[in-house]
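Work through the following exercises with the sequence and the model open side by side. Each one sets a task and then solves it step by step.

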Amino acid sequence: MIESILIKENLGFKQAKLDLEKGLTVFTGLSGAGKSVLFKAILAAFALSESEAKMVEILLNDKLELDEFGIENEEINIFKLLKDKSTRYFINNQMISKKNLALLSKGFVKYLSAKENNEFSNERFLNILDFMQSKEDKNFQDFLSEYKNTYKEYLENKSKLEQIQEEEKKVEELKEFTSFEIQKIQSINPKIGEFDELMSLKKRLSKKDKIDAAWNKASKIFELESAVIDALQISDVDSSFFSECLNELRVVWENQSFDDFDFDIDIEEVLDRIEKLSSLISKYGSIEEALEALEKKKTELAHYENLSFEKKALEEKVQNTQGILEQKCQKLTLIRQKKLKELEKLLNFYLQKLYMKEVKLELKECALNLLGKDEVSLNINEASLKNLSSGEINRLRLSFIATECNITNKASGIIFLDEIDANLSGKEAMSIAEVLKELACFYQIFAISHLPQLSSKASNHFLVEKIGDESRVRKIEKEERVRELARMVSGENITQEALEFTRTLL
């Protein structure tokens with residue numbers, strides 16, 4: 001539940017501080033005082049409305065599913081909205097996107113003025129019917145789990161079958177392509193480490209050619225040896241140093257040996273082999289990966305060649321599983337059909353309390369899905385939901401929530417009601433108040449009210465008033481509350497009869 005709310009600079013409000021208790025919280029006050037402005041600011045902190053407030057901070061003591069959004073739960077979770085040039089949202093001082101905040105908030109906040117009818121989803125209806133059966137039959141949950149597991153298996157096999165059917169349409173093309181890829185790798189027949197060895201050999205061969213070319217040029221010095229010796233002798237210079245130098249040079253030349261070379265190596269073959277291996281490396285990343293791809297391609301080819309056998313086996317599985325599901329669905333439908341009237345009766349009980357027309361629930365057959373083959377259809381006086389007024393829709397939603405709580409005896413979260421008693425008689429407003437009082441055992445409820453009947457049931461009654469240009473909100477109790485309710489009965493000129501009626505309400 002929300003423990004406290006702090007709002008700053010929200011249009012007419014400079015600051016609003018609300019400390020709350022469990023149960024129903026009601027905002028009352030004259031039209032234009034700022035009730036809706038205040039309400040929207042609270043909802044804005046949950047990303048469920050827009051507000052001009054510069055700051056909204058809400059302290060919530062509920063344990064929430066924050067882990068999914070990378071936020072740690074605290075004993076008190078702090079929701080904060082900050083608005084400057086843009087609006088930013090925070091939970092426990094960690095920023096969260098508006099989209100994710102709204103997604104989180106819808107899990108524990110019901111806003112009954114929003115144009116959402118998610119209470120009437122088929123899943124919600126079926127879950128209630130199944131819960132009613134589970135209370136009577138302890139084995140029913142096992143039956144449901146077994147059905148859902150079978151359905152998941154059915155979906156998985158059906159998906160595989162559809163994939164095979166798609167593959168079948170182009171299987172010859174796939175077989176041809178896969179065979180070509182296998183043949184290409186096998187024709188090269190790569191060996192692990194071979195490419196590195198060939199590159200090393202290529203470098204050495206390249207070096208040998210360069211060395212041979214260089215010495216071919218340098219060897220011309222030996223042809224001039226006798227001419228140099230003659231010149232030195234004629235010049236009366238000892239030529240022994242030159243002879244020794246050339247002898248050392250001959251030794252160096254002779255030592256340029258490539259004895260470890262296989263001189264039968266065909267350099268063109270080496271280069272061609274390197275090129276083929278390079279093409280594999282370029283395509284697959286490495287020789288190891290090319291060999292892995294070869295094995296995968298062989299497996300793929302075997303799969304294509306055995307496709308008809310796999311298809312037949314899967315068709316049998318899908319057909320058998322579908323048969324089992326159909327039988328289970330028939331049982332589910334019979335069980336739900338029995339519970340449907342009971343649910344309809346309870347829902348109409350609350351609708352009657354809220355002075356609404358009765359609804360009729362019907363179970364119709366739909367396509368096989370995770371919940372069975374049942375779809376609950378809701379008709380109110382043979383009118384569809386879209387033809388109801390917003391007030392009627394919200395009272396219908398309220399009836400459904402009350403019905404769900406009555407059946408499951410468990411619920412939690414926050415309900416926001418925006419003028420749910422507008423344009424209603426006092427009798428109708430009191431009926432809503434009674435239902436809300438029942439729901440307040442499960443939910444924390446916030447409501448803007450114009451009638452004393454609903455306001456009289458509040459655990460927290462806040463008066464919103466305008467003093468000059470400034471809007472203010474404060475909690476009222478005892479005699480001040482009596483006078484505010486009396487004002488709602490008789491207007492600005494409070495009568496003695498209104499005061500007496502108010503005291504009776506309280």
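A salt bridge is counted here when a side-chain nitrogen of Lys or Arg lies within 4 Å of a carboxyl oxygen of Asp or Glu. The model is predicted, so local features need pLDDT of at least 70 and side-chain atom pairs count only at pLDDT 80 or more, while totals for chains, interfaces and linings use all residues. Residues are numbered from 1 along each chain as its sequence is written, and side-chain values use heavy atoms, with hydrogens and water left out.

**Exercise 1.** State how many salt bridges the rule gives, and place the one between arginine 336 and aspartate 130 in the chain.

Step 1. The count comes to 26 salt bridges.

Step 2. In the pair formed by arginine 336 and aspartate 130, the closest N and O atoms are 3.0 Å apart. Arginine 336 belongs to helix H12 and aspartate 130 to helix H3, so that distant parts of the chain, 206 residues apart, are linked (helices being DSSP runs of H or I with at least four residues, strands runs of E with at least two, numbered from the N terminus).

Step 3. Both arginine 336 and aspartate 130 are buried, where buried means under 20% relative accessible area, exposed over 50%, and partly exposed in between, with a 1.4 Å probe and protein chains only.

Step 4. A network of salt bridges links Asp130, Arg336 and Asp374.

**Exercise 2.** Describe the salt bridge between lysine 341 and glutamate 344, including the exposure of each partner.

Step 1. The closest N and O atoms of lysine 341 and glutamate 344 are 3.7 Å apart.

Step 2. Both residues lie in helix H12, 3 residues apart, which is about one turn of the helix.

Step 3. Lysine 341 is partly exposed, with a relative accessible area of 46%, whereas glutamate 344 is buried at 12%.

**Exercise 3.** Identify the residues with the most contacts inside the largest nonpolar core, and follow the contacts of leucine 436.

Step 1. A nonpolar core is a set of buried Ala, Val, Leu, Ile, Met, Phe, Trp, Tyr and Cys residues joined through side-chain atoms within 4.5 Å.

Step 2. The largest such core has 47 residues, and Leu398, Leu417, Leu436 and Leu439 have the most contacts inside it. Helix H13 gives the most to this core, with 8 residues.

Step 3. Leaving aside residues up to four places away in sequence, leucine 436 touches Leu24, Leu398, Leu417, Ile445 and Leu454, a contact meaning heavy atoms within 4.5 Å.

Step 4. A second, separate core of 44 residues includes Ile42, Leu60, Phe446 and Val473.
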